[in-house]
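The following exercises are to be worked with the sequence and the three-dimensional model side by side. Each task is followed by a solution in steps.

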Amino acid sequence: QVHLVESGGGSVQAGGSLRLSCAASGYTSSLNYMGWFRQAPGKEREGVAVASGGATYNADSVKGRATISQDNAKNTVYLQMNSLKPEDSAMYYCAASQFVLRPLVSQGYKYWGQGTQVTVSS
């Protein structure tokens, strides 16, 4: 019903920036929550930033450095990340759902993309 495809990952130096994109297709009109999660090797998946209507939710670890935005015409959500740190290195996943109790908790999301790798070198 819903297909999510991420892009925009890559390798950058610490202090650099990346803009990740997530394109949604299928039945997208009911996706009230869309956002980004990340998982580093050996670590648990964590929420990064989520958008729901006019509200946004950001993890403490990226506050001030990450901005989530949406282009409704393109059914795309973006994650602009600045001042990247090596600890930001992870596989970044786009996720979406109709409703979740906790926006930054991954277990509540129904749809997931394949992920895009972000590597930040020091």
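**Exercise 1. A residue in a loop**

In which loop does N75 lie? Determine also its exposure and its contacts along the chain in this predicted model.

Solution.
Step 1. Locate the residue: N75 belongs to the loop that joins β7 and β8.
Step 2. Inspect the backbone. The phi angle of N75 is positive, about 50 degrees, although the residue is not a glycine. Most residues other than glycine have a negative phi.
Step 3. Assess exposure. The relative accessible area of N75 is 35%; since buried means under 20% and exposed over 50%, N75 is partly exposed.
Step 4. List the contacts. Beyond its neighbours within four places in sequence, N75 is in contact with C22, A23, A24 and T28. T28 is 47 residues away along the chain, yet the C-alpha atoms of N75 and T28 are separated by 7.6 Å.

**Exercise 2. Another positive phi**

Where is S83 found, and is it buried, partly exposed or exposed?

Solution.
Step 1. S83 is placed in the loop between β8 and β9.
Step 2. Its phi is near 50 degrees, a positive value in a residue other than glycine.
Step 3. With a relative accessibility of 41%, S83 counts as partly exposed.

**Exercise 3. The overall fold**

How many helices and how many strands does the chain have? Use the answer to describe the chain as a whole.

Solution.
Step 1. Count the elements: there are zero helices and 11 strands. Read along the sequence, the pattern is therefore β-β-β-β-β-β-β-β-β-β-β.
Step 2. Compare the chain with the globule rule. Its radius of gyration is 13 Å, and the rule gives 14 Å for 122 residues; the two values are close, so the chain is as compact as a globular protein of that length.
Step 3. Take the dimensions: the C-alpha trace spans about 40 × 25 × 25 Å along its principal axes.
Step 4. Consider the surface. Of the 122 residues, 43% count as buried. The chain exposes about 6,400 Å², and carbon and sulfur atoms supply 46% of that area.
Step 5. Consider sequence separation. Among contacts between residues at least 6 apart in sequence, 59% join residues at least 24 apart.
Step 6. Add the charges: the chain has 10 positive and 7 negative side chains, and the centres of the two sets lie 3 Å apart.

**Exercise 4. The nonpolar cores**

Which residues have the most contacts inside the largest nonpolar core?

Solution.
Step 1. The largest nonpolar core has 28 residues, and those with the most contacts inside it are L4, M34, W36, L79 and Y92.
Step 2. Identify the contributing elements. Those that give two or more residues to this core are β1, β3, β4, β5, β7, β8, β9 and β11.
Step 3. Search for a further core. A second, separate core holds six residues, including V50, A95, V100 and Y109.
Step 4. Examine one core residue in detail. Not counting residues up to four places away in sequence, Y92 touches E6, L20, W36, F37, R38, V48, L79, M81, G115, T116 and V118.

**Exercise 5. Residues of β5 and β7**

Is A51 buried or exposed? Continue from A51 to T67.

Solution.
Step 1. A51 lies in strand β5, and its relative accessible area of 4% makes it buried.
Step 2. Apart from residues up to four places away in sequence, A51 touches N32, Y33, M34, T56, I68 and Q70.
Step 3. T67 is 16 residues from A51 along the chain, with their C-alpha atoms separated by 9.9 Å.
Step 4. T67 is found in strand β7 and, at 48% relative accessibility, counts as partly exposed.
Step 5. Not counting residues up to four places away, T67 touches Y78, L79 and Q80. The C-alpha atoms of T67 and Y78 are separated by 8.0 Å.

**Exercise 6. A glycine between strands**

With which residues is G9 in contact, leaving aside its neighbours within four places in sequence?

Solution.
Step 1. G9 is found in the loop between β1 and β2 and counts as partly exposed at 34% relative accessibility.
Step 2. Its contacts are L20, T116, Q117 and V118, with neighbours within four places left aside.
Step 3. G9 and L20 are 11 residues apart in sequence and 6.2 Å apart in space, C-alpha to C-alpha.

Conventions. Residues are numbered from 1 along each chain as its sequence is written. This is a predicted model: local features need pLDDT of at least 70, side-chain atom pairs count only at pLDDT 80 or more; totals for chains, interfaces and linings use all residues. Side-chain values use heavy atoms; hydrogens and water are left out. Helices (H or I, at least four residues) and strands (E, at least two) are DSSP runs, numbered from the N terminus. The radius of gyration is taken over C-alpha atoms; the globule rule is 2.2 Å times the number of residues to the power 0.38. Buried means under 20% relative accessible area, exposed over 50%, partly exposed in between (1.4 Å probe, protein chains only). Contact means heavy atoms within 4.5 Å. Accessible areas come from the Shrake-Rupley method with a 1.4 Å probe; for residues, only the protein chains shown count as cover. Lys and Arg count as positive and Asp and Glu as negative; His and the chain ends are not counted. The place of a charge is taken as NZ of Lys, CZ of Arg, CG of Asp or CD of Glu. A nonpolar core is a set of buried Ala, Val, Leu, Ile, Met, Phe, Trp, Tyr and Cys residues joined through side-chain atoms within 4.5 Å.
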